[in-house]
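Grab a coffee and open the viewer. Here are a few exercises to work through, each with a solution you can check against the coordinates.

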Amino acid sequence: MENLRLAHKNARKDKRLYKEVQMVNSNPDYYLKKIQDKLKAKKYHISPKDYSVQVIRDKTKSRELRKLKYYPHRIIQRAVMLQLENTFMSVFCDFVCASVKGKGGNQVMKLMDRYMRDEEWSKYCLKIDIQKFYPSINHRILKTLLRKKIKDPDLLNLLDMIIDSFPWRKGLPIWSYLSQFLANYYLAYFDHRLKEELKCKYVIRYMDDIVILDGSKKHLRYILKRIKAYLGWRLCLKVKDNRQIFPTWVRGVDFVGYRYFYGYRLLRKRTAQKLKRRAKSLKVKQNRHQLRKYRERCSINSYAGRLIHCDSWRLYEKYIDPILPSIINYYMLVINSHKAKKFERKIRRLKWRKTWDHLSHKRNAEWEKKESTTTTTDVHVVNSEPPTPWM
């Protein structure tokens, strides 16, 4: 019962206004006891009819999202995951970042920055993406993999029912809570193969997006060939045709919203262009004293949060700084002072980061200059000749 209470507590976060959440909150003991009795009597059932389907357009492709009702399905999935979290985490590799507690985009940034410091081993990058990953997950293979780590027959039967609720014997529903963890687990043994058999030194996987860094282009071609064979034969998955092997010193590595170079990180080009267009339109409205929409101000707030994590001081100075006073005044007068203070803290953090980056770059430049001077002096002593002046 305590597991169901904790599952309900976690599932209702930021959903207090949902009717089903309010219903369960009105008498949690009664509703959670009903779920417990259903599970004990093995009368819980889930089918494709329990999902509400929504199709969204994402860039040039459409995605089909399937959403379950809060009661009882989402509570049960949360309860199942509370029991399986440690089991899944014991299988996941350190470089798996998506849908893992305490990792996400921040872990991607830390790993990429660390990998890019090793210029010898990060000369070339292999970037691949799995074609239609969620709809292509094979139910039979997933069930076999789950039986490697889970031995409880009741839990396995419940997981089988949830997996089979998606029709056509393959695929997991996008937007379902348990799907993201099952999808990660589906590739968990593939991750171990990358590290232990193919000896990939620098790897990051963000769900179905994979980046591998290496010092040899020939070795990356060999790794790509082995990856295609393993995914095709063992997991019934296919690598997209847009896979790339390219030198990192030429264009950096574009991954999870940022472009990574040796020693610095930039915002993704497409995101920077969107920021410029939105900031320019807001500046025009500000100069004409026109009303700005709440959505437009929120987007600038979001872009400011992205700029905190990359080297973008000039971008901030040119596009964010001129429209800053009107945004803060809007938050202060129209919404509430708490959001205004929160936005101001974000801007202060952005300025502090840029100051720190400037000082660290300056210190590194002085250190390199000092090192080059020392090297020049040593050469002068050995050759007994005056150093050649810079031309």
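The exercises below go from the whole chain down to single residues, and the model they use is a predicted one.

**Exercise 1. Work out how many helices and strands the protein chain has, and what share of its residues count as buried.**

Solution. Start with the secondary structure: the protein chain has 17 helices and nine strands. Then turn to burial, where 43% of the 391 residues count as buried. Next, look at the outside: the accessible surface is about 23,600 Å², and 52% of that belongs to carbon and sulfur atoms. Last, check the contacts with a separation of 6 or more: 71% of them are between residues 24 or more positions apart.

**Exercise 2. Find the largest nonpolar core and say which helix gives the largest share of it.**

Solution. The largest nonpolar core has 106 residues. F133, L146, I212, I227 and L235 have the most contacts inside it. Helix α4 (residues 70–91) gives the largest share, with ten residues. Now pick I227 and list what it touches, skipping residues up to four places away in sequence: you should get I128, F190, L194, L198, I212 and V239. As background, nonpolar side chains in soluble globular proteins tend to be buried together.

**Exercise 3. Decide whether H8 is buried or exposed, and name its contacts.**

Solution. First place it: H8 sits in helix α1 (residues 2–11). The cut-off for buried is under 20% relative accessible area. H8 has 3%, so it is buried. Leaving out neighbours within four places in sequence, its contacts are V24, N25, L32, Y70 and I75.

**Exercise 4. Go through helix α9 (residues 177–186) and list its buried residues and what covers them.**

Solution. Eight of the ten residues in α9 are buried, so call this helix mostly covered. The buried ones are L178, S179, F181, L182, A183, N184, Y185 and Y186. Their cover includes α4, α6 (133–136), α7 (139–149), α8 (153–164), α10 (188–196) and β4 (202–206).

**Exercise 5. K42 and M207 each have phi near 60 degrees; where does each one lie, and is it buried or exposed?**

Solution. Take K42: it lies in the loop between α3 (28–40) and β1 (51–58). Its relative accessible area is 60%, so K42 is exposed. Now M207: its place is the loop between β4 and β5 (209–214). M207 has 9% relative accessibility, so it counts as buried.

**Exercise 6. Say what the peptide bond from Y71 to P72 looks like.**

Solution. Omega is near 0 degrees, and the bond is cis. P72 itself is found in helix α4.

Terms used. Residues numbered from 1 in each chain as written. Predicted model: local features only at pLDDT ≥ 70, side-chain atom pairs only at ≥ 80, totals over all residues. Heavy atoms only, no water. Core = buried A, V, L, I, M, F, W, Y, C linked by side-chain atoms within 4.5 Å. Buried < 20%, exposed > 50% of the residue type's maximum accessible area, 1.4 Å probe, protein only. Helix = DSSP H or I, 4+ residues; strand = E, 2+ residues; numbered from the N terminus. Contact = heavy atoms within 4.5 Å. Areas by Shrake-Rupley, 256 points an atom, 1.4 Å probe, with all protein chains shown as cover.
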